[in-house]
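Trainee: Please take one part of this model and look at it closely. Then carry on from there to the rest.

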Amino acid sequence: MTVSSTTTQVSYTGDNSTTNFTVTFPFLGTGSTSELTVVERTIATGAEVTKSYTTDYTVTGGEGSTGTVIAVSAPASTVEWHIRRNTTTTQLTDYQTNDPFPANTHELALDRLAMVQQEQDGDIGQAFKYPDTYTGGASTAMPEPSANKALVWNAGATALENSTYDPDEQATLAAASAAAASTSETNAAASETNAAASATAAGNSVASFANKYTFSTTTSMADPGTGILRFNNVTYASVTAIAIDDLTADTNNPDISPYIVTWDDSTSAIKGFLHIFEDQNPGNFAIFSVSGLTDNSGWTELAVSHIASNGTIDDTDQVRVQFKRTGDKGETGATGATGATGATGPAGADGEVSIGLLLALS
C-alpha cells in the first residue's frame, strides 16, 4: 500500500440515529487492535470523553485500508465524534541475515513510519511555538505546575514563570476596579454637568450685557434676517449705517426691539456708543457712535460713525453687541447780566449844523 493522504482524523455530529461512521483515511490493525481513538465532545461545553472499544464502538476495515467505526448507541445531536488515527510507534519488522526480503513487509514498515510522522506533525501543529520570524532566544521550557499560579513572562521576557494568583484576591481587585471605574464615570458625568452649568452661566452672564448676533458681510441696508446684523461698508472706518434684526441669536431668539429703539433716546447729538466684538476672539471688534435710528418692521437701521476697530470679523461669525447710552443734553443756562454802555460818539461840525438850521427855517 501507499500513504497518499495526509488526513489523520475525521469528525461527525450525532443525530440520534446514525451509528456507522466512515473512516476516510487508511489505518493499521483491525477490530480490537485497530489503531484508532474515538473521542466524544459535548458541543455546548467542549467537554471530551474518550470512548471504549466494544463498550461504545466496534471497527471494521483497517490493515492499511479505510474502514468504519460502528457506535453501539447512536450519538446524540448534542455531541460530536472525533475519530483519530493513533498509530503505534513500535517497530516489529525483524530482518534476518540471508532471509528473503519480502516487499510487503518492508512496505508496511515504511507506511507505519509515514503514518506516525503525519500524526506527530498534527500534534506539533497544535503545540505552543514561536512565530517563524522570531529570532530571540526565549526558552520554550514550561515551569512545573503550581496550584493557583498563572504563567507570565519574566522581566527579561526570556522564559515563562509561575506568578502568584489568588482567585479571591483577583475577584476582590476586579470588584474594586469596577467600583473605581464606576466612581470615575460618575465623577466625570458630574464634572461634565458642572462644566455645562458653568458654560450656561457664563453665557447668560455675557448675554446680560452683550447680546449675541451672527455677523453678515452683506452691505445692503435691509432686513438682515433672524439674529443677524450687517454694516453698510466692508471697510469699518467707512461704515455709516448698521442693520440689526429685532431677534438676537441667543437661545430661542429673543426679541430685543423694545431695547434697541431706546438707543436714540438721549437728547445729546451722540446717543451712545455701540461695541461689536467677535464672541470667540474679542480682539476682533469695531466701536461706533450712534447718532440716530430708523425703526423698521422686524429690524432697525442705526446711523453711526466709526470710532475704533481692530481685526476682521468674518461672515457667519458669532458676535456680541453692547450699547452704552450717553447722558441727555443739559438744560439752557440762565440769561447773563446786561453788558456795560458803549462810549458816546463824536459831535457834528459847524457847517453841518448851519445846514440843519436852514432846512428847519425853510
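Mentor: Take Pro-143. In this predicted model, Pro-143 has a relative accessible area of 25%. Buried would need under 20% and exposed over 50%, so Pro-143 counts as partly exposed. Pro-143 sits in the loop between helix 1 and strand 8 (149–153). Look at what Pro-143 touches. Leaving out residues up to four places away in sequence, the contacts are Leu-151, Leu-160, Glu-161 and Asn-162. Take Asn-162 from that list. Asn-162 is 19 residues from Pro-143 in sequence. In space, their C-alpha atoms are 6.9 Å apart.

Now step back to helix 1, at one end of that loop. Helix 1 covers residues 103–125, which is 23 residues. At 1.5 Å a residue, helix 1 should span 33 Å. Its end C-alpha atoms are 33 Å apart, so the expected span and the model agree. Which residues of helix 1 are buried? They are Ala-109, Asp-111, Arg-112, Met-115, Val-116, Gln-118 and Glu-119. Keep the helical repeat in mind here. An α-helix has 3.6 residues a turn, so residues three or four places apart point the same way. The buried residues of helix 1 pack against two strands: strand 2 (20–27) and strand 7 (79–85).

Next, the rings. The structure holds ten aromatic pairs. Start with Phe-231 and Phe-288. Their ring centres are 5.3 Å apart and their planes stand at 70°. Edge-to-face needs planes over 60 degrees apart, so this pair is edge-to-face. Phe-231 belongs to strand 11 (residues 228–231), and Phe-288 to strand 14 (residues 285–295). The two lie 57 residues apart in sequence, so the pair ties those parts together. Are these two residues buried or exposed? Phe-231 has 2% relative accessibility, so Phe-231 counts as buried. Phe-288 has 0%, so Phe-288 counts as buried too.

Compare Trp-263 and Phe-323. Their ring centres are 4.8 Å apart, with planes at 15°. Stacked means planes under 30 degrees apart, so this pair is stacked. Trp-263 lies in the loop between helix 3 (257–260) and strand 13 (272–278). Phe-323 lies in strand 16 (residues 318–325). This pair, too, links distant parts of the chain, 60 residues apart. Both Trp-263 and Phe-323 are buried.

Finally, return to Phe-231 and Phe-288. Ring pairs link them with Phe-215 and Tyr-236 into a cluster.

Note on methods
Residues numbered from 1 in each chain as written. Predicted model: local features only at pLDDT ≥ 70, side-chain atom pairs only at ≥ 80, totals over all residues. Heavy atoms only, no water. Phe/Tyr/Trp six-rings, centres within 6.5 Å; stacked < 30°, edge-to-face > 60°. Helix = DSSP H or I, 4+ residues; strand = E, 2+ residues; numbered from the N terminus. Buried < 20%, exposed > 50% of the residue type's maximum accessible area, 1.4 Å probe, protein only. Expected span 1.5 Å × (residues − 1). Contact = heavy atoms within 4.5 Å.
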